[in-house]
Amino acid sequence: MKVVAFNRELQGTGASRRLRNAGQTPGIIYGGAAAPQLIAVDGNALWHALKKEAFHGSVLDLEIEGQTQQVLLRDFQMHAYKQLVLHVDFQRVDAAQKITTKVALHFVNADVSPAVKLGGAIVSHVLNELEVSCLPGQLPEFITVDLSTLEAGASVHVSQLTLPEGVTVVAHGKDQTVATSSVPRGAASTDAAE
């Protein structure tokens, strides 16, 4: 995805307020060998781009005055009740250095799993995203979690996920649970009564 930005010289509360009133969003690019750079991005385009999952989980091409650099979206602040992005942070990425970022999980085949189809279980998603480490060129847009073999009362752990080549999980503790299936209490007593 491509993002067009402009250099900005002024910083501070007043300058940022004037930018927002003009339909722009103040931001910063940091990381890499270069010094941090103050930028401004079109606020409306940024608002619509933030609604796309790919914008959050992929390497972006940021163009400033004809020069393009690769960046990751690292942080953004939203207004409490207006459709307004207050600030955005991008981090430069080097194609030869590994990056650590969070990738969304997509759950598939829950409706055909034995837990739901035969056991009447409810599948609960414990994690919605997973922190991974990889080279920028290997960063997946999302990781698919296949629930087709999930049994009632069982769970899916991080070690059971199929990761793309070159992608490793940044573990926080032991083998984390990704999804669980549990039979509701009322369903168990109804089966016993029958």
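## A tour from a salt bridge outward

Begin by selecting E63 and K2, whose side chains meet in a salt bridge with an N to O distance of 2.7 Å. Because E63 belongs to strand 4 (residues 60-64) and K2 to strand 1 (residues 2-7), this pair ties together parts of the chain that are 61 residues apart in sequence. With the surface displayed, K2 can be examined as an exposed residue, at 57% relative accessibility. Bear in mind throughout that this is a predicted model.

How many salt bridges does a search of the whole structure find? The search finds 2, and the next stop is the pair formed by E129 and K102, in which the closest N and O atoms are 3.9 Å apart. Here E129 lies in strand 9 and K102 in strand 7, so the pair ties together parts that are 27 residues apart in sequence. E129 is partly exposed, with a relative accessible area of 42%, and K102 likewise counts as partly exposed, at 45%.

Keep strands 7 and 9 on screen and add strands 10 and 12, which gives an open sheet of 4 strands in the order 10-7-9-12, with mixed pairing. Strand 10 and strand 12 (168-169) are the edge strands, each pairing on one side only. Zoom in on the antiparallel pairing of strand 9 with strand 12, where 2 bridges join them, and select S133, which stands opposite T168 of strand 12.

Now turn to the nonpolar side chains. The largest nonpolar core has 24 residues, and those that touch the most other members are L105, L130, V132, L139, V145, L147 and V178. Strand 7 (99-108), strand 9 (129-134), strand 10 (142-146) and strand 13 (177-182) each supply at least two residues of this core. From that group, choose V178 and display its surroundings: leaving aside neighbours within four places in sequence, its contacts include L105, F107, V126, L127, V145, V156, V158 and L161, and also S124, H125 and H157. A second core, separate from this one, has 18 residues, among them I29, L46, V71 and V85.

Move next to helix 1 (residues 13-21), and ask which of its residues are buried. They are A15, S16 and L19, and because they cover an arc of only 100° around the axis, they are placed on the same side of helix 1. Rotate the view to the face turned away from that buried side, and the exposed residues T13, R18 and N21 appear there. Turning back, one can follow the buried residues of helix 1 to their packing partners, strand 2 (24-30) and strand 3 (37-42). Before leaving this region, select G23, which follows helix 1 and has a positive phi, near 85°.

Finally, zoom out to the whole protein chain, which has 5 helices and 13 strands. Its C-alpha atoms fill a box of roughly 75 × 40 × 25 Å, taken along the principal axes. The radius of gyration of the protein chain is 22 Å, whereas a compact globule of 194 residues would have one near 16 Å. Colouring by accessibility shows the buried residues, which make up 33% of the 194 residues. Among the contacts between residues at least 6 apart in sequence, 65% join residues at least 24 apart.

Key. Residues are numbered from 1 along each chain as its sequence is written. This is a predicted model: local features need pLDDT of at least 70, side-chain atom pairs count only at pLDDT 80 or more; totals for chains, interfaces and linings use all residues. Side-chain values use heavy atoms; hydrogens and water are left out. Buried means under 20% relative accessible area, exposed over 50%, partly exposed in between (1.4 Å probe, protein chains only). The arc is that of the directions from the helix axis to the C-beta atoms. Contact means heavy atoms within 4.5 Å. A nonpolar core is a set of buried Ala, Val, Leu, Ile, Met, Phe, Trp, Tyr and Cys residues joined through side-chain atoms within 4.5 Å. A salt bridge is a side-chain nitrogen of Lys or Arg within 4 Å of a carboxyl oxygen of Asp or Glu. Two strands pair if DSSP finds at least two bridges between them. The radius of gyration is taken over C-alpha atoms; the globule rule is 2.2 Å times the number of residues to the power 0.38.
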